[in-house]
Amino acid sequence: MIVFITGATAGFGAAMARTFVQNGHKVLISGRREDRLQALAAELGAAARPIVLDVTDKASIKGALDSLPAEWSQIDVLINNAGLALGVTPAHESSLEDWDTMIATNCSGLVAMTRAILPAMVARGSGTVINLGSVAGDTPYPGGNVYGATKAFVEQFTLNLRADLVGTGVRATNLAPGLCGGTEFSNVRLKGNDAAAAKVYEGTEPLTAEDIANTAYWIATLPVHININRIEMMPTCQGYGPLTIKRNL
Ligand code: NDP
Ligand code: 8X3
């Protein structure tokens, strides 16, 4: 299989690239940081092809796909993994610029990648799209505001893809993890405050990027008559909180 992974310069995406290659597949690894892509490509060898690509830039997506040589152009699996959270402040104190960046990356970027690659899958009658959602797309929490809303979009877009793709042979899955450590997610969210990012995982045994990669691999390699619509996964140490009630006592 040829697997196109967005956001392969870190975290889940890099782990997924390693998992697919270790299992004999070829990966198109993409992201904005070229040095990271080159390092991963050097590690993975001929089974990996680096592509500098910003999912918020439609010209960048088109250029990357147009420049694929024939032997890399039949994409069997698209993993829309690139994404980010910015900030943990309440809505009324959050940065509109951060909100725009999350929407541009997590929603518009994911949609643009899907629209660019889906027609060829449908024409061939096979393919799998795996979108990275989040527990935040279903469960609101303080400071989640626009991040959670973008992941709710991912969930609903994926289910609507399912509605459109029935009968085409193309599959779509929303893979929605909870607390996952060992990636740059919290460092990005907390704007480089690495001490605060480390505290997010203090005293927990979070999911790992390898857990997510193994799940994506399982989804992509199931017999073709099976479509996993959505998976929500959490570390065992995470659960649901109560609804909040502000009492005037
Ligand atoms: P990381 O921050 O470790 O990795 C994010 C990746 O996204 C990087 O490779 C980054 O690459 C890429 N990226 C960000 N913006 C863009 C862009 N505009 N264009 C292309 N690539 C971009 O995060 P994780 O691996 O933890 O998260 C991956 C996905 O999983 C995200 O969608 C996240 O929301 C989701 N998720 C994460 C969870 C967690 O707890 N870690 C839990 C649930 C979901 P570069 O900067 O080089 O472009
Ligand atoms: C990342 C998981 O719980 O920090 O999507 O929102 S969480």
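**Close-up 1. Polar contacts around ligand 2 in this predicted model.** Start with Tyr147, where a polar side-chain atom sits 2.6 Å from an oxygen atom of ligand 2. That's a polar contact, meaning a pair of N or O atoms within 3.5 Å; within protein, one must be able to donate a hydrogen and the other to accept it, and residues adjacent in sequence count only if both atoms are side-chain atoms. Ser134 puts a polar side-chain atom 2.5 Å from an oxygen atom of ligand 2, and a side-chain N or O atom of Tyr141 is likewise 2.5 Å from a ligand 2 oxygen. On its own, ligand 2 exposes 240 Å², and the protein buries 82% of that (Shrake-Rupley areas with a 1.4 Å probe; for residues, only the protein chains shown count as cover).

**Close-up 2. The shell of ligand 2.** Ser134, Val135, Ala136, Tyr141, Tyr147, Phe185 and Arg189 surround this ligand, each with a heavy atom within 4 Å of it. By class, that's 5 nonpolar, 1 polar and 1 charged (nonpolar: Ala, Val, Leu, Ile, Met, Phe, Trp, Tyr, Cys and Pro; charged: Asp, Glu, Lys and Arg; polar: the others, Gly among them).

**Close-up 3. Ligand 1 and its contacts.** Tyr147 turns up here too: a side-chain N or O atom of Tyr147 is 2.6 Å from an oxygen atom of ligand 1. Two nitrogen contacts of ligand 1 are at 2.9 Å, one to a polar side-chain atom of Asp54 and one to a backbone N or O atom of Val55. The protein covers 95% of the 880 Å² of accessible area that ligand 1 has alone. Of the 28 residues around ligand 1, Thr9, Phe12, Arg32, Tyr147 and Thr183 come nearest. The shell splits into 11 nonpolar, 12 polar and 5 charged residues.

**Close-up 4. The two sides of helix H3 (residues 58–66).** Ser60, Ile61, Ala64 and Leu65 are the buried residues of H3 (buried is under 20% relative accessible area, exposed over 50%, partly exposed in between; 1.4 Å probe, protein chains only). They span an arc of only 125° around the axis, so they share one side of H3; the arc is taken from the directions from the helix axis to the C-beta atoms. Facing away from that buried side are the exposed Lys58, Ala59, Lys62 and Asp66. Helices (H or I, at least four residues) and strands (E, at least two) are DSSP runs, numbered from the N terminus.

**Notes.** Residues are numbered from 1 along each chain as its sequence is written, chains are lettered from A and ligands numbered from 1 in the order written. In this predicted model, local features need pLDDT of at least 70, side-chain atom pairs count only at pLDDT 80 or more, and totals for chains, interfaces and linings use all residues, while side-chain values use heavy atoms, with hydrogens and water left out.
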